[in-house]
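Colleague: I have just opened this one and would love some help finding my way around. Could you walk me through it, feature by feature?

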Amino acid sequence: MLIAPSLLSCDFSRFRDEIIRVDEAGADYMHLDVMDGHFVPNLTFGAPVIKKLRNATKKPFDVHLMISEPHRYIGDFANAGADIISFHTECDSDVDLTLTLIEERGVKPALAIKPGTSPEAVLPYLDRLFMVLVMTVEPGFGGQSFMPDMMPKVEFLKKEIAERGLQTLVQVDGGIAKDTIATAAKAGVDICVAGTAVFGEKDAKEAIDTLKALCE
């Protein structure tokens, strides 16, 4: 299991230090949630902030765009240092066009689906994706409870990926903690986004190590 701490749960007044802290603690990715107050009812940060933070770590920046028109900003996030850009099938942008813009920038493309969206929504694009992000909470705010009924989506996607002979990863985001991560692992999840479960603990390394151990 790979762990991507969600920076949404960090102390924003110490943003750079928090990234360094979880980097040294063994984080595999840095998960950065970008919200526009329209696609989801919350505002976070944008490309200029991400660009300033990029040199704080060499770990991949996993940028999750919860915005209405992601195609308009792909260049900005690519230039800011995103290694992976995920956006939602439910957005207002053309999915095929947005994936092409990501690919042209040399960034790894990913698609995300909300809890109410069928995993079949990503199937037409699966061959092009580095990753599929299955939301295990309603997107917009941290600290929500994990939805175990999203695991059949993960199992469906893992089966389809295997049948096609692909290497596409499946990520889940929302409510990942010590009492839920084993459920995600059993379903075949490759990457777990963890917010409070990492940043809410004094010892980030112990927190990450514990989450990984629970998947064995």
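Modeller: Happy to; we will go through the sheet, the cores and then two residues. Please keep in mind that this is a predicted model.

Colleague: Let's begin with the sheet. In what order do the strands lie, and is the pairing parallel or antiparallel?

Modeller: The general idea is that strands of a sheet pair through backbone hydrogen bonds, in either a parallel or an antiparallel way. Here 8 strands make an open sheet, and the pairing is parallel. Reading across, the order is β1-β8-β7-β6-β5-β4-β3-β2. The edge strands are β1 (2-5) and β2 (30-35), each of which pairs on one side only. From one strand to the next, the twist averages 25°.

Colleague: Can we zoom in on one pair? How many bridges join β6 to β7?

Modeller: There are 5 bridges between strand β6 (residues 131-135) and strand β7 (residues 169-173), and the two run parallel. To find your place, look for Val132, which stands opposite Val170 in β7.

Colleague: Now the interior. Which residues of the largest nonpolar core touch the most other members?

Modeller: As a general rule, nonpolar side chains tend to be buried together in soluble globular proteins. The largest nonpolar core here has 66 residues, and Ile50, Val63, Leu65, Val134 and Val172 touch the most other members. Take Val172: beyond residues up to four places away in sequence, its contacts include Leu133, Met151, Val154 and Ile191. A second, separate core has 9 residues, among them Ala4, Ile84, Met131 and Ile191.

Colleague: Let me try a single residue. Is Phe87 buried or exposed?

Modeller: Phe87 has a relative accessible area of 0%, so it counts as buried. You will find Phe87 in strand β4 (residues 84-88). Leaving aside neighbours within four places in sequence, Phe87 is in contact with residues including Leu65, Pro70, Val95 and Ile102. As for distances, Phe87 and Asp173 are 86 residues apart in sequence and 13 Å apart in space, C-alpha to C-alpha.

Colleague: And Asp83, where is that?

Modeller: Asp83 is in the loop between α3 (74-80) and β4. Its relative accessible area is 31%, which means that Asp83 is partly exposed, since that category lies between 20% and 50%.

Colleague: What does the side chain of Asp83 have close to a polar atom?

Modeller: The backbone nitrogen of Phe61 lies 2.7 Å from a polar atom of the Asp83 side chain. Leaving aside neighbours within four places in sequence, Asp83 is also in contact with Arg54, Lys59 and Lys108, among others.

Notes. Residues numbered from 1 in each chain as written. Predicted model: local features only at pLDDT ≥ 70, side-chain atom pairs only at ≥ 80, totals over all residues. Heavy atoms only, no water. Helix = DSSP H or I, 4+ residues; strand = E, 2+ residues; numbered from the N terminus. Buried < 20%, exposed > 50% of the residue type's maximum accessible area, 1.4 Å probe, protein only. Contact = heavy atoms within 4.5 Å. Pairing = 2+ DSSP bridges. Axes fitted to C-alpha atoms, helices over the stretch in contact; angles between N-to-C directions. Core = buried A, V, L, I, M, F, W, Y, C linked by side-chain atoms within 4.5 Å. Polar contact = N/O pair within 3.5 Å; in protein donor to acceptor, adjacent residues only side chain to side chain.
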